[in-house]
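Hi everyone, thanks for coming. Today I'd like to walk you through one protein, step by step, so please have a look at the screen and stop me whenever you like.

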Amino acid sequence: MDSFIIEGGRPLKGAIRVGGSKNAALPILIATLLTDCPCEIDNVPNLRDIRTTFRLLESLGKRIEYDGDAVRVLATGRLETRAPYEIVKQMRASVLVAGPLLARFGTVRVPIPGGCAIGMRPIDIHLQGFRALGATEHEETGDVVMRAARLKGRRVRLRLPSVGATENLMMAACLASGLTVIANAAQEPEIEDLGAFLNRLGASVEGAGTATVTVRGGARLEGAVNSIPGRAPSRAALGRALPRGAVHAVIPDRIESGTLLIAAAATGGSVRLEGACAAHLEAVLESLEAAGSRVRAGYGFIDLSLASRPKAVGIRTLPYPGFPTDLQAPWMSLMCLARGTCLIRETVFENRFLHAAELVRMGAAVRLRGSTARVEGRPSLNGAPVMASDIRGGAALVVAALAAKGRTILQRVYHIDRGYERLEVRLRRLGASIRRVRR
Ligand code: UD1
């Protein structure tokens, strides 16, 4: 298992390019199960969760080719309708195969994901949505099996604006008969990106990225004529069946962007993020400014600098466009160094404060009470041996270690690798002292 060795206390300085969004790429790759036409997805980050998604798609019968950040998903023949437990247990987002497979083949079998480090994370909202579209379900040895001759479009109101349930239902509704309206839908930019990809496949999705998503279903999705990735149709092909396909570039990763900005602020640094989208980060940029950072954003870049100690700024995580739960942990690391005391409230997930105990090992003053953390800022943190227990909590420990005095040995880096591409290499380009050791 790899560890990071970080010598803290060096301000991050310089420019860095932000990668494609993991949470947008995952459902878009999975949405290729709706079609047999070739799809090219560009700006896909090279991450563990993405490689897990490749294995998932391959296990279901797709072929994957990739070249740098461009990924092609191709049909090989019949698709399986059963997702393997070995893959679902590694990555909960695997349940997103349920919507496309159920809608396309009338049946799907998916292992029920167990609890995970950041709470129970049930899938009842997904199931309630499929039921509303006419599916029946039963459990069989830890799997949920769903069936429907043909899903029927309907109005579905989600109990909570779940990101995954919104995506799963949007994909299923593309092949349902008639109109589906998803009310109280999640509004994250990744959902808007999925809607754009589905429309490139030939679907009719409106309102993705708002609280009401409308999908007009159709019999099949075949992409668009003349969109075969990478090559124009040959003369011979013209006049016969025209080749069809879909090409799409994934949006920049707002969580990676936010993490890097928070790290720059925590180290008293000055960075430029290239290729980042400020419009997707409003709540975070506002909080960074309130903490004393100077933020300047333009088309395709965000600049941030912070010369003094941050001011204490409390946050409450909320569904988009509120402060993202995925940046709560890095924010806590920044606040551990703030002038003053603040409250951090986690309202999206239960049990998402696992990083707090590790921060305390580094000299932070954090007290937990239910879903609220009270963080009393200290002038400095100290390096210590610590352990990552989830993706974002792990990233928070990197932020704290970069700002701390002395050496931190951060274990279980594989959690961080699920969501950040070669984080140590990229941070070194910004002047950090961080290296990976294999143990
Ligand atoms: C996605 C993101 C994750 C992010 C989260 C919230 C991906 C791959 N992951 O996760 O990084 O932290 O959105 O922004 O995009 N819930 C239920 N029943 C359900 C579904 C969800 O009770 O059927 C609850 C969850 O337990 C959680 C809350 O709703 O407390 C939000 O979950 P959801 O929005 O579904 O998150 P994910 O799609 O799993």
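Let's begin with the overall layout. The protein chain is split into domain 1, covering 3-19 + 253-437, and domain 2, covering 22-249. Please keep in mind that what you see is a predicted model. Taken over C-alpha atoms, the centres of domain 1 and domain 2 are 31 Å apart. Where the domains touch, domain 1 brings 22 residues to the contact and domain 2 brings 20 residues.

Now for a pocket. How much space lies in the second largest pocket? About 420 Å³. It is lined by 23 residues, and the closest to its centre are Val-44, Pro-45, Asn-46, Asp-69 and Glu-421. Three elements give two or more residues to this lining: strand 2 (13-17), helix 2 (48-60) and helix 14 (423-429). Helix 2 gives the most, with three residues. If you sort the lining by class, you find 10 nonpolar, six polar and seven charged residues.

And where does this pocket sit relative to the domains? Domain 1 and domain 2 both give residues to the lining of the second largest pocket, so it lies between them.

Next, the cysteines. As a reminder, a disulfide is a covalent bond between the sulfur atoms of two cysteines. How many disulfides does the count come to here? Zero. Let me show you two examples. For Cys-39, the closest cysteine sulfur is in Cys-37, 4.3 Å away, and that is too far for a bond because the two sulfur atoms would have to be within 2.5 Å. Cys-39 is also buried, with 0% relative accessibility. For Cys-342, the closest cysteine sulfur belongs to Cys-336, at 8.6 Å, again too far for a bond. Cys-342 counts as buried too, at 7% relative accessibility.

Last stop: Ile-434, which you can find in strand 24 (residues 433-438). Is Ile-434 buried or exposed? Its relative accessibility is 3%, so Ile-434 counts as buried. What is Ile-434 in contact with, leaving aside its neighbours within four places in sequence? The answer is Phe-4, Ile-5, Ile-6, Val-398, Glu-424, Leu-427 and Arg-428. You can also compare sequence and space here: Ile-434 and Arg-407 are 27 residues apart in sequence, while their C-alpha atoms are 9.7 Å apart.

That's my tour, and I'm happy to take questions.

Methods
Residues numbered from 1 in each chain as written. Predicted model: local features only at pLDDT ≥ 70, side-chain atom pairs only at ≥ 80, totals over all residues. Heavy atoms only, no water. 1 Å grid on protein atoms, 1.4 Å probe; cavity = no way out; pocket = protein on both sides within 12 Å on 5 of 7 lines; lining within 4 Å. Points joined across faces, edges and corners; volume = space filled by probe spheres on them. Helix = DSSP H or I, 4+ residues; strand = E, 2+ residues; numbered from the N terminus. Nonpolar A, V, L, I, M, F, W, Y, C, P; charged D, E, K, R; others polar. Domains from an automatic or database assignment. Buried < 20%, exposed > 50% of the residue type's maximum accessible area, 1.4 Å probe, protein only. Contact = heavy atoms within 4.5 Å.
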